[in-house]
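Q: Could you take a close look at one part of this structure for me and then walk me outwards from there? An informal tour is fine.

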Amino acid sequence: MMSNIELIFPEIFISLSIMFLLILGVFKKESSKIIQNISLVVLLVATVMIFNETIGVEKITLFNQSIIIDYLSSFMKIITLLAAFVVLSISSNYLKTFKIFKIEYPILILSSVLGMMVMISSNDLIVFYMGLELQSLALYVLATFDRDQLKSSEAGLKYFVLSALSSGLLLYGCSLIYGFTGSTNFNVISNQFNTNEYALTFGIVFILVGLAFKISAVPFHMWAPDVYEGSPTSVTLFFTMVPKVAALTVFIRFLYVPFLNLIDQWQMILIFLSIASMLFGAIAAIGQKNLKRLIAYSSISHIGYALAGLATGSNEGIQSSVIYLTIYIIMNLGFFSCLLMMKRNNIYYENLDDLSGLSKNHPLLSLSLLVILFSLAGIPPLAGFFAKFYIFKSVIEQSMFFLAIVGLLSTVVAAFYYLRIIKIMYFDKEKESYDMDHSLWLKSSLTVSTLLILLYFIFPGQLIDVVSRINII
Amino acid sequence: MDLPILSSLILLPSIGALFLFFTRSKSENKITVKYVALFTSLANFFLSIYLWVLFDQTTSAFQFVEDRIWIEGLINYKVGVDGISILFIILTTFITPLCIISVNNSVTKRLNEFLIAILVMESFMIGVFCSLDLVVFYLFFEAGLIPMFLIIGIWGGSRRVYSAFKFFLFTLLGSVLMLVAIISIYWITGTTDVVQLYELGIDTKYQNLLWLAFFSSFAVKTPMWPVHTWLPDAHVEAPTAGSVLLAAILLKMAGYGFIRFSLGLFPSASEIFTPLVYTLSVIAIIFTSLIALMQEDMKKLIAYSSVAHMGFVTLGIFTIQQQGIEGSIIQMISHGLVSAALFLCVGVVYDRMHSRLITTYGGIVDIIPKYSVLFMVFTLAALGLPGTSGFVGEFLILMAAFKDNFLVAVLASLGVIIGAAYMLWLYKRVIFGKLINSELKKMIDLNKSEVFTLTCLAIPTLYFGFYPEPLINTIEVSINDLIDTYNYNLASK
């Protein structure tokens, strides 16, 4: 059993680093900068480890089948680590401005990343729950990180209460499934299910509800806008991307490994979640005035598209969801990089009106944002279009035309509010210009994400090649 | 072919735009920027003429085909031209430099960005006309929304925001259904390659829904009644160069799409839905002509006349006869030239008087004689006077329509009369009559660049009016083949 232990070296390495950094933080004064840098290195090293050790692994289970290492887990872990790396690297200026550049921030991010990696690799309900709680606890604290701000504390509290509730539901679902199958292991469950199908369905529903909370799918999305708005912007960026990767991986694994045979039962739920998220996200964002709130609704809508791919019950569907998530993360990175650049005299601006006439003062910044927004709206030839194209291709291949048509119509609704931002940037009168002394990290993150989105159409095959190795069914 | 000539045509304007992006013109009149743009678009025009020279008129097969794997096993980047598409490409490359020349007076702010938008737009439009893969087609078709949205929104008139949004959302709404249809075609047949699809054919039971999905997109873009309402708004608010591009080329994408995809891929559905298209076309011709009669805004009047003219085009296409389709294509080319010229004409007086209202003008024939002459040429061409290109198209369409459906043809002919009425009345009210508004006396006649652009448009209008043979020769074989395949597919069902 212990012969394959090197496959979880990245996790072990990160946990050891967390402990080391905590001790370092206690004993060394003024160590925020060093800890930040070490954390960045840790994330990179973990990424390299995954590249070296696990990327070639087809499928191996460890520790009595409770941990699974396969291509999906390696891919998702790399995305998680890289996204966390970018978040950490571009948030330091923001944190310094609010005087919350503390040692806890990188450590909390590292621990939540650790939790997510455990989630991503979990092949057992208990392991999965453990990972989930580890990441959630870190995220609660991150949401309240700017604790002198009322809004931030409120966001953290809200997130804590609702998330704890959903974790409770999830745990209840796990216990139901354990009760009827006699095991918490995904593989064992999948061999066992000649037992009572209806009882199992109850368990699945509870777990789905819990997971839907975590990825903020409608109708379990209520916490998202408030938490996204209240949290510090760099934390919001983290929220919109990284936890979703982990939760979506669990979604995939949970539905497709133990319960693929019950697809008739859960497919309807997923289709409902997907349609509701796409439509609600698109409609509710129209009235928003705060950019972070707006992007919360937009992320709800985007999760709806990713779920549409999962609802198909096919490998292509899973792959298209993974592609969607990857491209979505890149677009989100770009968007938040722009948001973090809207600073004037040490005040960050985050309302829609603050973008007014941006194109006159900052032509390059607004051009990048233009590209990102059109891509979020799914207009070709930008990356966002291809993401949607793959999703709808896999949906239509399963003859789910209703889902496809509703999905595409909601892109038209969603296009409206993306256009509104563009309108404010390009058609309205300009205001004062923003400071331009951004860190190199921030600039390069914006440049790279914009270029990736803009030039994706030249080599669209690369991402597909990578993702097409994901084989769950 | 060594030189990938079609890809060069698509890429060249974008490369020019990239150059412009890095060009910072220091002088006030921004002469460098203009010359870079003009040079790029002219080079593209000559390249397209070279394409026409090399083009083999005796075959209906696609020529200059480039086929590259784009996404393994899913989409190929495939472009090529036949007789149907080549004229549109030349129209595009011909109109764009004229647009760029015309920005002299009308666009004052952010000239750099404006020219970038126009050049990028040109790339996308050429891409639409030569793509031979449905996904590639959709890509170009939709991508054109971005620069046009910005052109209307940034450089437009007072209600530009409303118009830009309406334009964008209307066309996007129509197009997403087409995307569903394209993916469905891939699901049914396993390919999106148009040439292969022509050979394979699509099962009759799917055709009706697919046809409707494509129709929803093309009908909005054409635009057909009752989804034409975005067009007058977009035209009125867009800057002159934007209106010209919109009227001359963007609208032709849909007509081209009808011929290439609706007829080519879904013959049995086209047969079923012909009455629908006839009805909508006749309503468009008569109804919008009547609306055009009552307009007080010149640009709006021409916009409504565009809807009516495009009604003739859709009517001609769905007669599914040699003459009808030939007529439609010639009508589209002619409308491309004439409407572009008319919008430029309106732009000329607007630049001087800052009013588009017809009542502002009157009796200016003595003040600006050159303008009056050129405006007259295009007015007459718009109403389809024999000797102008407008006549050839309308005549062929009506002839085909008479063979197919007498009532429809009679009603459409009625539209020709109303068309003559509103165009002549417009000309009379603007040019002739008593000079009441004394402000008009200060008007200056056309300058050199304006004379040049309008003459450039007038020459082909008259030339093809008297001698449409070069156009017909180019398109004849391809259309013949299209109709043969169409009838063959229909009979084999």
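A: Let's start with strand 2 (residues 75-81) of chain B in this predicted model. Five of its seven residues are buried, so strand 2 of chain B is largely enclosed by the rest of the structure. Its partner is strand 1 (residues 63-71) of chain B, and the two run antiparallel, joined over six bridges. If you want one pair to look at, take R68(B), whose bridge partner in strand 2 of chain B is Y77(B). The two strands make a hairpin with three residues between them. In that hairpin, G73(B) takes a positive phi near 70 degrees.

Chain A has a hairpin to set beside that. There, strand 1 (residues 59-62) and strand 2 of chain A pair in the antiparallel sense over four bridges, with K59(A) standing opposite D70(A). Four residues lie between these strands, and F63(A) in the turn has a positive phi of about 50 degrees. Strand 2 (residues 67-70) of chain A sends I67(A) and I69(A) one way and I68(A) and D70(A) the other. All four of those residues are buried, the charged-looking D70(A) included.

Back in chain B, have a look at helix 9 (residues 204-221). It has 18 residues and reaches 26 Å from its first C-alpha to its last, close to the 26 Å expected at 1.5 Å a residue. There is still a bend of about 25 degrees, at F215(B). F215(B) is also one of the helix's buried residues, and others among them are Q207(B), L210(B), W211(B), F214(B), F218(B) and K221(B). The buried residues of helix 9 of chain B pack against helix 7 (160-189), helix 11 (240-265) and helix 12 (267-293) of chain B.

Now for the nonpolar interior. The largest nonpolar core has 369 residues, and L245(B) and A341(B) have the most contacts inside it. Setting aside neighbours within four places in sequence, L245(B) is in contact with I95(B), C99(B), I118(B), M121(B) and L250(B).

For a contrast, try G363(B), in the loop between helix 14 (322-353) and helix 15 (369-382) of chain B. G363(B) counts as partly exposed because it has 17 C-beta neighbours inside 10 Å. Beyond four places in sequence, its contacts are F432(B), G433(B), K434(B) and L435(B). H335(B) is 28 residues from G363(B) in sequence, and their C-alpha atoms are 27 Å apart.

A loop residue in chain A gives another picture. M400(A) sits in the loop between helix 17 and helix 18 of chain A, and M400(A) is buried because 22 other C-beta atoms lie within 10 Å. Leaving out neighbours within four places in sequence, M400(A) touches T312(A) and V395(A). M400(A) and I271(A) are 129 residues apart along the chain, with 9.6 Å between their C-alpha atoms.

Last stop: where the chains meet. The contact takes 23 residues from chain A and 26 residues from chain B. On the chain A side, helix 17 (383-397), helix 18 (401-427) and helix 20 (460-467) each supply at least two residues. Helix 18 of chain A gives the most, with twelve residues. By class, the side of chain A that touches chain B has 18 nonpolar, two polar and three charged residues.

Definitions and conventions: Residues are numbered from 1 along each chain as its sequence is written. Chains are lettered from A and ligands numbered from 1 in the order in which they are written. This is a predicted model: local features need pLDDT of at least 70, side-chain atom pairs count only at pLDDT 80 or more; totals for chains, interfaces and linings use all residues. A nonpolar core is a set of buried Ala, Val, Leu, Ile, Met, Phe, Trp, Tyr and Cys residues joined through C-beta atoms within 7 Å. A residue is buried if 20 or more other C-beta atoms lie within 10 Å of its own, exposed if 12 or fewer, and partly exposed in between; C-beta atoms are placed from the backbone. Two residues are in contact if their C-beta atoms, placed from the backbone, lie within 7 Å. Ala, Val, Leu, Ile, Met, Phe, Trp, Tyr, Cys and Pro count as nonpolar, Asp, Glu, Lys and Arg as charged, and the others, Gly among them, as polar. Two strands pair if DSSP finds at least two bridges between them. The expected span of a helix is 1.5 Å times one less than its number of residues. The bend at a residue is the angle between axes fitted to the seven residues ending there and the seven starting there.
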